[in-house]
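Hello,

Here is the structure I promised to pass on to you. Please have a look at it first, and then read my notes below.

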Amino acid sequence: MDISPFLQRKLARRFATFDTNHDGYIDRGDFESACDRLAAAFQLAPEAPALTHMRELSDGLWQHLSQAADTDADGRIGLAEYQAAFAAGLLVTPASFDAGYMPFLDALMDIADQDGDGYLTRDEQVRWSGALMGLPEADAREVFGRLDRDTDGLISRDDMLQAIRDFYFNEEPTSAGVWLLGPLDPA
């Protein structure tokens, strides 16, 4: 699969959100510390079922990524390895992506959607994206504004899924999903 320069930029942005300690690599520790920050942001006890589930999914995601991308078997993934895994078909179609990503999105909503109504408020969006992905508050607020297309002050699970799909599969630079993780680095 060919990866466009635009998708390369988006993948570099996603890689940066995984690399929570900013050492230029992603490893299991990055996933563990992201879950720790998410727990702190939402004041979850270590044994909270929603947090336990998120940790299990995050570990599974790490294992999947490391099998697909850690070509030199050093226990960490560099940006080139990450992008090469996508070129090799890590995300084949939007449907297969949905099947793999929905459990993670559901687990995230179980934590961040504090009133359980199926929607994220601006505050919930800012908290989860800051904790899990290190998104600065100003960027997270901008993301919320772009994803809240009907301006009702809420983002649904479907809105989030569409934005995630757009991030990986839509080549239109003005799509809402392009801003899912904040601004992209210039071309």
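Let me start with one residue: Leu65 has a relative accessibility of 3%, so Leu65 counts as buried. Please keep in mind throughout that this is a predicted model. Leu65 belongs to helix α3. The C-alpha atoms of Leu65 and Thr17 are separated by 14 Å, and the two residues are 48 residues apart along the chain.

Leu65 also takes part in a helix contact. On the α3 side, Leu65, Ala68 and Ala69 meet Glu81, Tyr82 and Ala85 of α4. Helix α3 covers residues 49-69, and the axes of α3 and α4 come within 9 Å, crossing at roughly 85°. The two helices, α3 and α4, are therefore roughly perpendicular to each other.

Helix α4 has a second partner to look at, namely α1. The axes of α1 and α4 come within 10 Å and cross at roughly 125°. That angle makes α1 oblique to α4, since only angles of 65 to 115 degrees count as roughly perpendicular and those over 145 as roughly antiparallel. The α1 and α4 crossing is right-handed. From α1, the residues in the contact are Gln8, Leu11, Ala12, Arg14, Phe15 and Phe18, while α4 brings in Leu79, Tyr82, Gln83 and Phe86.

Now to the aromatic rings. How many aromatic pairs does the count come to? The count comes to eight aromatic pairs. One of them joins Phe15 and Tyr82: the ring centres are 5.7 Å apart and the planes stand at 55°, so this pair is tilted. Phe15 lies in helix α1 (residues 5-18) and Tyr82 in helix α4 (residues 79-87), so the pair ties together parts that are 67 residues apart in sequence. Phe15 and Tyr82 are both buried.

Tyr82 pairs with Phe18 as well. The Phe18 and Tyr82 pair is edge-to-face, with 6.0 Å from centre to centre and 80° between the planes. With Phe18 in helix α1 and Tyr82 in helix α4, this pair links distant parts of the chain, 64 residues apart. Phe18 is buried, as is Tyr82. If you would like to colour the whole group in your viewer, one aromatic cluster is formed by Phe15, Phe18, Phe31, Trp62, Tyr82, Phe86, Phe167 and Tyr168.

Two arginines deserve a look next. Arg14 has its charged end over the ring of Phe18, 3.6 Å from the ring centre. Likewise, the charged end of Arg76 sits over the ring of Tyr25, at 3.5 Å from its centre.

Then there are the backbone angles. Most residues other than glycine have a negative phi. His22 is not a glycine, yet its phi is positive, at about 60°. You will find His22 in the loop between α1 and β1 (25-26). Is His22 buried or exposed? With a relative accessibility of 66%, His22 counts as exposed. Ala73, also a residue other than glycine, has a positive phi near 55°. Ala73 is located in the loop between α3 and β2 (77-78). The relative accessible area of Ala73 is 65%, so Ala73 is exposed, as the cut-off for exposed is over 50%.

Back in helix α3, we come to Leu57. Its relative accessibility is 22%, so Leu57 counts as partly exposed, because buried means under 20%. Which residues is Leu57 in contact with, leaving aside its neighbours within four places in sequence? Leaving those neighbours aside, Leu57 is in contact with Pro103, Phe104 and Ala107. From C-alpha to C-alpha, Leu57 and Pro103 are 7.8 Å apart in space, with their positions 46 residues apart in sequence.

Last on my list is Glu171, in the segment after α8 (157-169). Glu171 counts as partly exposed, at 40% relative accessibility. Apart from its neighbours within four places in sequence, Glu171 is in contact with Ser4, Phe6 and Leu7. Glu171 and Gly75, on the other hand, are 32 Å apart from C-alpha to C-alpha and 96 residues apart in sequence.

I hope you enjoy exploring it.

Best wishes

Terms used
Residues numbered from 1 in each chain as written. Predicted model: local features only at pLDDT ≥ 70, side-chain atom pairs only at ≥ 80, totals over all residues. Heavy atoms only, no water. Phe/Tyr/Trp six-rings, centres within 6.5 Å; stacked < 30°, edge-to-face > 60°. Helix = DSSP H or I, 4+ residues; strand = E, 2+ residues; numbered from the N terminus. Buried < 20%, exposed > 50% of the residue type's maximum accessible area, 1.4 Å probe, protein only. Lys NZ or Arg CZ within 6 Å of the ring centre and 35° of its normal. Axes fitted to C-alpha atoms, helices over the stretch in contact; angles between N-to-C directions. Parallel < 35°, antiparallel > 145°, perpendicular 65-115°, else oblique. Left-handed = near helix turned anticlockwise from the far one by under 90°. Contact = heavy atoms within 4.5 Å.
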